[in-house]
Each structure stands twice: as structure tokens, then as C-alpha cells.
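Reader: I would like a close look at one helix and the loop that comes after it, with enough of the surroundings to place them. Please go through it step by step.

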Amino acid sequence: MSKALEQIATLKSHGFVVIRALADAARCAEIRRAARAQLLAKAAPLEYEADLHYPGAPASRRAGGGETVRRLLNAYDRDRVFRCWAAWPSIVDWMQMYFGEPVMLTKAHHNCIMTKHPVYGSLTGWHRDARYWSFKRNNLISAWLALESETVRNGALRFVPGSHRIALPSDCFDHAQFFHARPEHHPEMAALLQTAVLPALGAGDAVFFHCNTLHAAGANFSNKIKYSLAFAYHGSSNPPLPGSRSASMPEVALTPSNDAPCCAQDRRADHFPLPDR
Ligand SMILES: O=C(O)CCC(=O)C(=O)O
């Protein structure tokens, strides 16, 4: 079995799979550099920690740390290096093999650089990404790229293996669709969280995960902002539902023959040519 087929089998059974060394060091450095520049410039559109009120976030934009940015939104349209990664040929080929049809990138979901800050960065409770996504079928895959090491210390993602295949009762979710199964009502659902795993990632490692996989992430207890780049993909026969938020931004069709021009240019080089300044 090819490596990609093995990874696809792992994703189908566990709901996530770690792909080691998907991006090389130079590419990670280039993406990080672009992300830092945009964060420094506070380039819109931004998502602020204070607006989400997740545990650990500042109470308001006027509170201490109130201007802490959680995500640089719409990464795809921000910079060529993000666009290029979104359409990276090995990702597109992998997704095409997974979906068995041409691949679309949704710009309405993920499509961001996560900037998890020390001190004011919040933790994210257990959830399924599909909670706010509206597509014909709940079959989308997110590709999360670690731009430096991601561990329990700086708020890495945790996953519940196999949770994408489990029917979770609606009363296990709160009003914001976070998973809070009460042991007295749903002991077997509450026990699911005991099976969670935290795959430590190095810079350039990626984790691909299904939109129904329960996942969460801790706060950042290091002294450095953690940058990660995330995009979500679906098959061409699985469009967003008309009128939904998922349909609010144009989709990007990704095929090997119509990659963004930047990718064609990058593919000609054996490595990403920009030095790490
Ligand atoms: O890094 C985090 O805090 C969680 C991100 C996440 O779960 C998501 O984007 O779906």
C-alpha cells in the first residue's frame, strides 16, 4: 500500500492522521515570516480572543490583553505563500485520493493562521468543526500545518480517535456546540475524552482531520506565539448549502492543472528559494 493510502486508511479509522515533514524548514520559515509581518501590521480581517470569550481570553477588547489576535482570517487572500500552501500539490493529490473526485478549498472555514499567544491566548473546548459548517455531507478534511513545535506546553491539538464515526447525542453539547457529556447522563460519552491523544508536532508536520472528529486545544504556557496554518477541503460533489455561511465565500477548485501560478513556479524549484532572514 502506498504511504498516502495508509494515511487515508488511518484517517478513515481514527479521524485524524499526522503527516510528518510535509513542509520543509525553508517553507515553514517563509510562512512564519509572512504571518508575523501580518500580525505586527494587525492586517484585517482578524479574530480577537476577547470576542470569543473562550476560557483564558481577556474579558473585552478594553481589558488587559484585549487586543490579542487569535486568528489572521482569510489566509488565502492575504499572501502568495499562504495561497501556495493551500494548493500545495501533495496536499491536493492526497485530498483527491481521499475524496475520489476533484478537490475544492472552502474559504469560509479555517482558511486562517492561528496565532496562539502566551498569557492571553485561550484554550478551545471539545468540539466538532462541522458544528457550524453546512455542506451537503459532513465530509470535509482540515489540514493543519505546524510552523514550530506544538506540544502540550504551547496548546497543541488533542483528538478523540474514532469520534468522527460516533453518533453523539445532542444533549452532550452546550449552546455553543462544545461537547460536555455529563458522566451521570452519558457515562460512555464522558469516558470518550479519556481516550484522547495529543500528537506532538514538529515544524513542518501536519495533521489532517475529519470535520466530525472531536478535538480541543490547550492554552499556550510557553513564552512564544504559536503559529499554525489551517485550510479545509471537500470533494466537488459536496458543495456548501445555498444561503449558509459556508456558501458565503467563493470556493477554490484545486486540480493539478489549475494550481495557483505561484505553485507552478515553486514546483519548478527543488526547494523554496527564499533565505530565512
Ligand atoms: O488551537 C486551538 O485553540 C483550536 C483550534 C481548533 O480547534 C479549530 O480551529 O478547529
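Author: What follows begins with the whole chain, turns to the helix and its loop, and ends with the ligand shell and the parts of low confidence.

The model is predicted, and its mean pLDDT is 91, with 92% of the residues reaching 70 or more. The protein holds eight helices and twelve strands. Its radius of gyration is 18 Å, close to the 19 Å that the globule rule gives for 277 residues, so the protein is as compact as a globular protein of that length. Of those 277 residues, 44% count as buried, and among contacts with a separation of 6 or more, 84% are accounted for by residues 24 or more positions apart.

The helix to look at is α2, residues 25-40: its 16 residues should span 22 Å at 1.5 Å a residue, and the C-alpha atoms at its ends are indeed 22 Å apart, which agrees. Its buried residues are Arg27, Cys28, Ala29, Glu30, Ile31, Ala34, Ala35 and Gln38, a list in which Arg27 and Glu30 appear beside Ile31. The cover over these buried residues includes the strands β3 (69-73), β5 and β11 (226-235), together with the helices α4 (75-78) and α5 (80-86).

Just after α2 comes Lys42, with a positive phi of about 50 degrees, although Lys42 is not a glycine. Lys42 sits in the loop between α2 and β2, and it counts as exposed because it has 10 C-beta neighbours inside 10 Å, where 12 or fewer is the cut-off. The loop between α2 and β2 (46-48) also contains Pro45, and the peptide bond that leads from Ala44 to Pro45 is cis, with omega near 0 degrees.

A positive phi of about 50 degrees is also found at Asn74, again not a glycine, in the loop between β3 and α4, two of the elements that help to cover the buried residues of α2. Asn74 is partly exposed, with 17 other C-beta atoms within 10 Å.

Strand β5, another part of that cover, leads to the ligand, around which lie Met114, Lys116, Thr124, Asp129, Gly155, His215, Ala217 and Ala230. The elements giving two or more residues to this shell are β5 (112-116) and β10 (215-217), and the shell divides into three nonpolar, three polar and two charged residues.

Some caution is due elsewhere, since pLDDT stays under 50 over residues 257-261, for which the model has eight contacts beyond four places in sequence, and likewise over residues 267-277, with twelve such contacts.

Methods. Residues are numbered from 1 along each chain as its sequence is written. This is a predicted model: local features need pLDDT of at least 70, side-chain atom pairs count only at pLDDT 80 or more; totals for chains, interfaces and linings use all residues. A residue is near a molecule or strand if its C-beta atom, placed from the backbone, lies within 6 Å of it. Helices (H or I, at least four residues) and strands (E, at least two) are DSSP runs, numbered from the N terminus. Ala, Val, Leu, Ile, Met, Phe, Trp, Tyr, Cys and Pro count as nonpolar, Asp, Glu, Lys and Arg as charged, and the others, Gly among them, as polar. The expected span of a helix is 1.5 Å times one less than its number of residues. A residue is buried if 20 or more other C-beta atoms lie within 10 Å of its own, exposed if 12 or fewer, and partly exposed in between; C-beta atoms are placed from the backbone. Two residues are in contact if their C-beta atoms, placed from the backbone, lie within 7 Å. The radius of gyration is taken over C-alpha atoms; the globule rule is 2.2 Å times the number of residues to the power 0.38. pLDDT is the predictor's confidence in each residue, from 0 to 100.
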